[in-house]
Amino acid sequence: MKRPEPLGPTAAIEPAAVRPRLHRIVEVDALRGFALCGIFLANVLVMSGRDGLSGGGGSAGPTASGLDQVAHWLVVALVQTKFYLLFSFLFGYSFTLQMDAAERDGAPFAPRMLRRLLGLFVLGALHAVLLYPGDILTTYALLGLILLAARAVDPAGMWRAALRVYGVVAALYLLLGAAVALVDTGEGDEGLAASATELATAYRGGPADVVRANMDAWSDILVGLLMMGGMVVAAFLAGFVAGRRRLLAGAGTPERTARLRRICLWGLAVGLPGGVLMAAGAVGPLGARWEIPAFILGMLTAPALSAAYASGLLLWFTTPRGARLAARLAPAGRMALTNYLAQSLVMALVFTGYGAALYGRAGAAAVLGGTLLFYGFQLAASAWLMSRHRLGPVERLLRAVTLWGRPAPRG
């Protein structure tokens with residue numbers, strides 16, 4: 001039986017609530033808590049009608065204030081597509097921790113993981129229908145089957161597979177971007193405006209209208225899955241390699257520190273220009289003709305910025321202030337599934353006919369400010385809850401499904 005994984009440099013100053021089990025890795029939980037904030041910032045622009053499902057333009061429209069445009073531009077440049085890739089990377093990393101847990105418990109891994117993925121899929125389907133059609137849980141449940149099938153591949157082979165998947169996706173993206181750049185997209189503006197108006201009416205209607213709008217969006221979500229699924233799989237595989245090699249845990253050795261610094265610097269050098277280009281196409285000043293090509297180039301460089309975020313935080317976590325930040329983020333990361341669904345519930349109550357029906361009525365700056373305030377509340381609530389319980393409520397449910405028919409492990 002394998003020994004429990006060391007906690008790393010933050011363990012010495014963390015409260016007991018942050019490390020209830022020797023095999024929990026604080027750095028992983030903290031990164032997941034950080035990614036949770038980015039996912040929320042990206043999702044809220046869509047759910048509020050400021051981006052994506054609003055048919056484009058969002059807060060960059062003629063009635064938007066300068067502050068709204070700046071806020072929207074920054075989120076597109078620094079957040080969109082970067083944090084779901086970070087979350088995907090952490091899913092692959094945590095997959096290896098689930099494998100270790102099954103080995104410690106003396107349980108066959110495949111049936112256990114299949115039940116877990118099925119539980120994620122059911123939760124995601126309900127989430128997509130009732131709250132937010134841009135759900136990631138169903139995507140993770142389906143694409144997680146690839147990890148399950150490939151789990152016996154050695155880390156070096158898995159890394160080569162990740163690079164190949166990324167290469168194929170990049171080639172397809174570039175071909176698509178070149179084709180779109182040759183086509184004048186201005187003729188579709190009236191149709192997009194009509195679709196946006198229809199969607200706003202639906203989300204401001206009653207609960208039945210909201211559910212219908214969520215279900216109608218599935219065709220667009222399916223297209224998005226086909227486009228971004230390859231990037232998710234590549235991030236899964238890269239995270240799996242990092243998990244097998246335990247790259248996110250352990251003391252800050254000179255070699256590890258130097259490697260993280262190189263990743264951070266190269267990631268910023270490649271990822272930031274791509275993010276700026278993506279924002280220039282989506283919000284301005286580039287015209288609509290360049291929106292999709294700019295988005296594609298931003299997507300291709302997004303993994304670099306995601307890697308820069310992760311490596312930069314891991315470096316910071318080795319400092320006293322960074323360790324305190326990790327201790328604050330980790331509880332939210334431990335119950336990330338509960339927090340993710342709670343975010344969607346709050347967004348639905350604020351922006352749809354379930355509650356205040358503010359879809360398309362609030363500026364991006366106000367929306368994002370409220371989002372950060374609620375995330376701060378989630379950090380505090382998570383710390384309180386994790387000081388009293390081992391798991392969040394949805395995590396407890398998913399664990400019960402995962403361990404179905406078997407007694408829970410002791411300790």
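Where is the place of Ala77? This and other spots are covered in the legends below, which all show a predicted model.

**Figure 1. The chain as a whole is built from helices, with no strands.** The protein chain has 15 helices and 0 strands. Of its 411 residues, 50% count as buried. Take the contacts between residues at least 6 apart in sequence: 80% of them join residues at least 24 apart.

**Figure 2. Ala77 sits in helix H2.** That settles the opening question, and the surroundings of Ala77 come next. Ala77 has a relative accessible area of 2%, so with the cut-off for buried at under 20%, Ala77 counts as buried. Leave aside its neighbours within four places in sequence, and Ala77 is in contact with Lys82, Gly275, Val276, Ala279 and Leu305. Val276 is 199 residues away along the chain from Ala77, yet their C-alpha atoms are separated by 5.1 Å.

**Figure 3. Thr81, in the loop between H2 and H3, has a positive phi.** Most residues other than glycine have a negative phi, and most peptide bonds are trans. Thr81 is not a glycine, but its phi is positive at about 70 degrees. Is Thr81 buried or exposed? Its relative accessibility is 10%, so Thr81 counts as buried.

**Figure 4. Helix H3 covers residues 82-105.** This helix has 24 residues and reaches 35 Å from its first C-alpha to its last, close to the 34 Å expected at 1.5 Å a residue. Of those 24 residues, 19 are buried, so H3 is largely enclosed by the rest of the structure. Right after H3 comes Gly106, with a positive phi near 65 degrees.

**Figure 5. Ala258 in helix H10 is partly exposed.** H10 runs over residues 254-282. For Ala258 the relative accessible area is 32%, which falls in the partly exposed range because that range lies between the 20% and 50% cut-offs. Leu315 is 57 residues from Ala258 along the chain, and 9.6 Å separates their C-alpha atoms.

**Figure 6. A cis peptide bond joins Gly284 and Pro285.** Omega for this bond is about 15 degrees. Look for Pro285 in the loop between H10 and H11.

**Figure 7. H1 packs against helix H11 (residues 291-317).** Their axes are 11 Å apart and the packing angle is about 130 degrees. That angle makes H1 oblique to H11. The crossing of the two helices is right-handed. Which residues of H1 and H11 meet? From H1 come Glu27, Ala30, Leu31 and Phe34, and from H11 come Tyr309, Ala310, Leu313, Leu314 and Phe317. Sorted by type, the residues of this contact are 8 nonpolar, no polar and 1 charged.

**Figure 8. H13 crosses H15.** The axes of H13 and H15 come within 6 Å, and the crossing angle is roughly 120 degrees. With that angle, H13 is oblique to H15. The crossing is right-handed. On the H13 side, the contact is made by Ala336, Leu337, Thr338 and Leu341; on the H15 side, by Pro393, Val394, Glu395 and Leu398. The residues of the contact divide into 6 nonpolar, 1 polar and 1 charged.

**Figure 9. Ala357, in the loop between H13 and H14, is another non-glycine residue with a positive phi.** Here phi is about 55 degrees. At 9% relative accessibility, Ala357 counts as buried.

**Figure 10. Helix H14 spans residues 364-386.** H14 has 23 residues and reaches 32 Å from its first C-alpha to its last, close to the 33 Å expected at 1.5 Å a residue. Its buried residues are Ala364, Val367, Leu368, Thr371, Phe374, Tyr375, Gln378, Leu379, Ser382, Leu385 and Met386. To read that list, it helps to recall some helix geometry. An α-helix has 3.6 residues a turn, so residues three or four places apart point the same way. What do the buried residues of H14 pack against? Their partners are helix H1 (26-47), helix H2 (66-78), helix H12 (320-334), helix H13 (336-351) and helix H15 (393-402).

Technical notes. Residues numbered from 1 in each chain as written. Predicted model: local features only at pLDDT ≥ 70, side-chain atom pairs only at ≥ 80, totals over all residues. Heavy atoms only, no water. Helix = DSSP H or I, 4+ residues; strand = E, 2+ residues; numbered from the N terminus. Expected span 1.5 Å × (residues − 1). Buried < 20%, exposed > 50% of the residue type's maximum accessible area, 1.4 Å probe, protein only. Contact = heavy atoms within 4.5 Å. Axes fitted to C-alpha atoms, helices over the stretch in contact; angles between N-to-C directions. Parallel < 35°, antiparallel > 145°, perpendicular 65-115°, else oblique. Left-handed = near helix turned anticlockwise from the far one by under 90°. Nonpolar A, V, L, I, M, F, W, Y, C, P; charged D, E, K, R; others polar.
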